[in-house]
Amino acid sequence: MTGDEGEERARRIPSTDAPTEEQAGRILADINEVIRAGEEMRRLRGELIQALAGLGWTQETIARLARMSQPAVSKQLAARGRTGDPTEPTTPRLELDQRDTPWLEGRLWAVAEEITETLDGTARCTRYVAALERGRRRFTPENVDELRRLIEDDLRLRRAELPDGLQAAYDRISRALDLPTEATDTPVPAFGSASVRRGLARRLQRDRLRDDRSAL
């Protein structure tokens, strides 16, 4: 074997310090999840910008809150104008008590987040919340049912450590989710996708829970 052939063979053989194929696969899978979650968050941000513009917020205000340039916000709005239906309503409803499924899922997500933060990451629903945030879980009926079971376990087993408002909020959300499908699966309003509605409901529910806690 020539010196050049030996060097080439050495470059092809993984170092003993290199990760195994299984380890490398897990690393790449984790990176792919982060990238996918990032893409979903960028799409959600764009849709939320549309919703806020529909509420009458100025581009300057949206740009400041989103930490974007105003031209970037204008580009988002222009893209919607090229693809959207100009006859669609532009003003979303922001009342907390709405009954379509994505909205209720967002509220459920908020309750789970509050539980896991209150219990310093030791709640039964903690890992599920992390999976939702990273895009490793989707809001399928089966996943929502599993999240509900975990929340119910936390509320039952560690109720003394949790604010009363969490139980009350969960009970309202749970009753609405248990209604017949035709009563809850109304069409997603034109101002935003299911992801946007989950995001809005999640934020409004968390703000409500914190306001209720502050009022005590």
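Visitor: Hi! What do buried, exposed and partly exposed mean here?
Guide: Buried means under 20% relative accessible area, exposed means over 50%, and partly exposed lies in between (1.4 Å probe, protein chains only). E117, at 45% relative accessibility, counts as partly exposed.

Visitor: Anything I should know about the model?
Guide: This is a predicted model, where local features need pLDDT of at least 70, side-chain atom pairs count only at pLDDT 80 or more, and totals for chains, interfaces and linings use all residues. Residues are numbered from 1 along each chain as its sequence is written, and side-chain values use heavy atoms, leaving out hydrogens and water.

Visitor: Cool. How many salt bridges are there?
Guide: The whole structure has 16 salt bridges, each being a side-chain nitrogen of Lys or Arg within 4 Å of a carboxyl oxygen of Asp or Glu.

Visitor: Which residue does E117 pair with?
Guide: E117 meets R206 in a salt bridge, 2.9 Å from N to O. R206 lies in helix 10 and E117 in helix 5, so the pair links parts 89 residues apart in sequence. Helices here are DSSP runs (H or I, at least four residues), numbered from the N terminus.

Visitor: And R206, buried or exposed?
Guide: R206 is buried, at 7% relative accessibility.

Visitor: New topic: what does R202 bind to in a salt bridge?
Guide: R202 pairs with E133, with the closest N and O atoms 3.8 Å apart. R202 is in helix 10 and E133 in helix 6, so this pair ties together parts 69 residues apart in sequence. Salt bridges with shared partners also join E113, E114, E117, E133, R202, R206 and R210 into one network.

Methods:
Helices (H or I, at least four residues) and strands (E, at least two) are DSSP runs, numbered from the N terminus.
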